[in-house]
Amino acid sequence: MEFTSSLTLFNSDVPFLLEKRIALLQAIEASGSISKAAKMVPMSYKAAWDAIDAINNLCPHAVVSRETGGKGGGGTKITPYGHNLIKTYLLLQKEHKKFLDSLSKNTDFDKGTIKSLQRFSMNISARNKIHGKIELIESGKVNAQVYVKLKSGYTIVSVITNSAVKELELKLGDEVSAIFKSSSVILSTDNALSISARNKFKGIIDAVSFGEVNSEVVVDIGNDDKLVAVITSSSVDALDLKKDKEVSLIIKSSDVMIGK
């Protein structure tokens with residue numbers, strides 16, 4: 001047995017986005033016509049217009065625009081705001097399905113219990129949780145190397161057990177999180193440094209928070225991917241670390257965990 005559920009977003013207690021409305025918007029995007037889109041979904045022409053009016057009225061910007069006249073006789077278009085709305089809903093829908101699949105997998109219907117319930121509400125103390133897509137998995141006898149492509153363009157490598165790869169059902173293209181403690185991040189001002197650690201990134205210091213013993217250094221490695229390192233305050237002084245300075249970050253692959 002498994003859990004299934006449709007995803008509905010509310011705005012001021014009013015149903016706002018639901019699967020059929022998103023399907024209608026996608027059909028309008030494909031056909032450029034309300035009447036054609038209504039037949040594709042399917043729904044009546046009036047129901048289609050009522051749905052569009054409801055969406056437009058509940059949004060701060062128009063989602064669907066109607067163009068009249070002109071060489072092509074006009075038509076119906078999804079606005080840039082509408083394109084972003086569709087994209088956001090589809091991302092939420094994907095995460096919603098992943099949660100339901102995980103809930104189904106961990107529920108023992110015969111005993112009326114949920115295995116590993118804490119997995120659904122667990123927060124972690126690790127400061128670094130960066131997202132990306134798996135581009136390669138290399139399996140060895142015991143461990144596997146998982147390569148995750150980040151938004152910044154860098155690839156971070158994690159070494160985990162083959163059993164963990166199997167348990168998480170990791171495969172190419174999966175969206176995952178690379179998780180590691182801030183104390184695992186080593187900083188260097190020598191960008192030509194040769195080191196055996198698999199993960200080495202260059203970035204610009206975004207902020208430095210000084211403490212009596214330790215300090216926190218936030219480094220932007222590109223495209224708003226930011227990593228946090230906690231090092232001694234004496235090291236911050238010795239390296240002359242300050243905002244906008246270029247540094248290298250080194251992280252051992254064995255210190256990187258994968259979350260899905």
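Biologist: In which helix do Asp50 and Lys46 both lie?
Modeller: The two residues are 4 apart, about one turn of the helix. This is a predicted model. Residues three or four places apart point the same way, because an α-helix has 3.6 residues a turn. Asp50 and Lys46 both lie in α3, residues 45–58.

Biologist: What N to O distance goes with the salt bridge of Asp50 and Lys46?
Modeller: Side chains of opposite charge can pair when their charged atoms come close. A salt bridge needs the nitrogen within 4 Å of the carboxyl oxygen. The side chains of Asp50 and Lys46 meet in one, N to O, at 2.9 Å.

Biologist: Is Lys46 buried or exposed?
Modeller: Asp50 has a relative accessible area of 40% and is partly exposed. Exposed means over 50%. Lys46 has 57% relative accessibility, so Lys46 counts as exposed.

Biologist: How many residues apart in sequence are the parts that Lys94 and Glu175 tie together?
Modeller: Lys94 forms a salt bridge with Glu175, with the closest N and O atoms 3.9 Å apart. Lys94 lies in helix α4 and Glu175 in strand β10, residues 175–180, so the pair ties together parts whose separation in sequence is 81 residues.
Both ends are partly exposed: Lys94 has a relative accessible area of 42%, and Glu175 has 29%. The separation asked for is 81 residues.

Biologist: Which residue forms a salt bridge with Lys98?
Modeller: The partner sits 3 residues from Lys98 in helix α4, about one helical turn away. Lys98 is partly exposed, with a relative accessible area of 29%. The partner also counts as partly exposed, at 39% relative accessibility. The closest N and O atoms are 3.5 Å apart, and the partner is Glu95.

Biologist: Which residues are joined into one network by salt bridges that share partners?
Modeller: The structure holds 9 salt bridges. Salt bridges with shared partners make one network of Lys171, Asp174 and Lys260.

Biologist: What span does α4 reach from its first C-alpha to its last?
Modeller: Helix α4 has 26 residues. At 1.5 Å a residue, the expected span is 38 Å. The model comes close to that, with a reach of 38 Å.

Biologist: Which helix gives the largest share of the lining of the second largest pocket?
Modeller: The pocket has a volume of about 160 Å³. Its lining includes Glu2, Phe3, Gln93, His96, Leu100 and Ser104. The buried residues of α4 include His96, Leu100 and Ser104. The largest share of the lining, 6 residues, comes from α4, residues 80–105.

Biologist: How many charged residues are in the lining of the second largest pocket?
Modeller: Glu19, Lys97 and Asp101 are among the lining residues. By class, the lining has 2 nonpolar and 5 polar residues. The charged residues number 4.

Biologist: Where does UniProt place the feature "domain: Mop"?
Modeller: The record is an unreviewed entry, and it gives two stretches. Over residues 194–260 the chain is 10% helix and 55% strand, with the end C-alpha atoms 32 Å apart. UniProt places the feature at residues 123–189 and 194–260.

Biologist: How far apart in space are Ile221 and Phe201, C-alpha to C-alpha?
Modeller: Ile221 lies in strand β13, residues 214–222. Ile221 has a relative accessible area of 6%, so this residue is buried, which means under 20%. In sequence, Ile221 and Phe201 are 20 residues apart. In space, their C-alpha distance is 6.9 Å.

Biologist: What is omega near for the cis peptide bond from Val41 to Pro42?
Modeller: Pro42 sits in the loop between α2, residues 34–40, and α3. The bond from Val41 to Pro42 is cis, with omega near -5 degrees.

Biologist: What positive phi does Asp244 have, although it is not a glycine?
Modeller: Asp240 and Asp244 are both placed in the loop between α6 and β15. Asp240 is not a glycine, yet has a positive phi of about 55 degrees, and counts as partly exposed at 41% relative accessibility. Asp244 counts as exposed at 56%. The phi of Asp244 is about 75 degrees.

Terms used
Residues are numbered from 1 along each chain as its sequence is written. This is a predicted model: local features need pLDDT of at least 70, side-chain atom pairs count only at pLDDT 80 or more; totals for chains, interfaces and linings use all residues. Side-chain values use heavy atoms; hydrogens and water are left out. UniProt positions are given in the numbering used here, feature names are shortened, and annotations may be inferred rather than shown by experiment. On a 1 Å grid over the protein atoms alone, a cavity is a set of points where a 1.4 Å probe fits but cannot get out, and a pocket is an open set with protein on both sides within 12 Å along at least five of seven lines; lining residues have an atom within 4 Å of a point. Grid points are joined across faces, edges and corners, and a volume is the space filled by probe spheres set on the points. Ala, Val, Leu, Ile, Met, Phe, Trp, Tyr, Cys and Pro count as nonpolar, Asp, Glu, Lys and Arg as charged, and the others, Gly among them, as polar. The expected span of a helix is 1.5 Å times one less than its number of residues. Buried means under 20% relative accessible area, exposed over 50%, partly exposed in between (1.4 Å probe, protein chains only).
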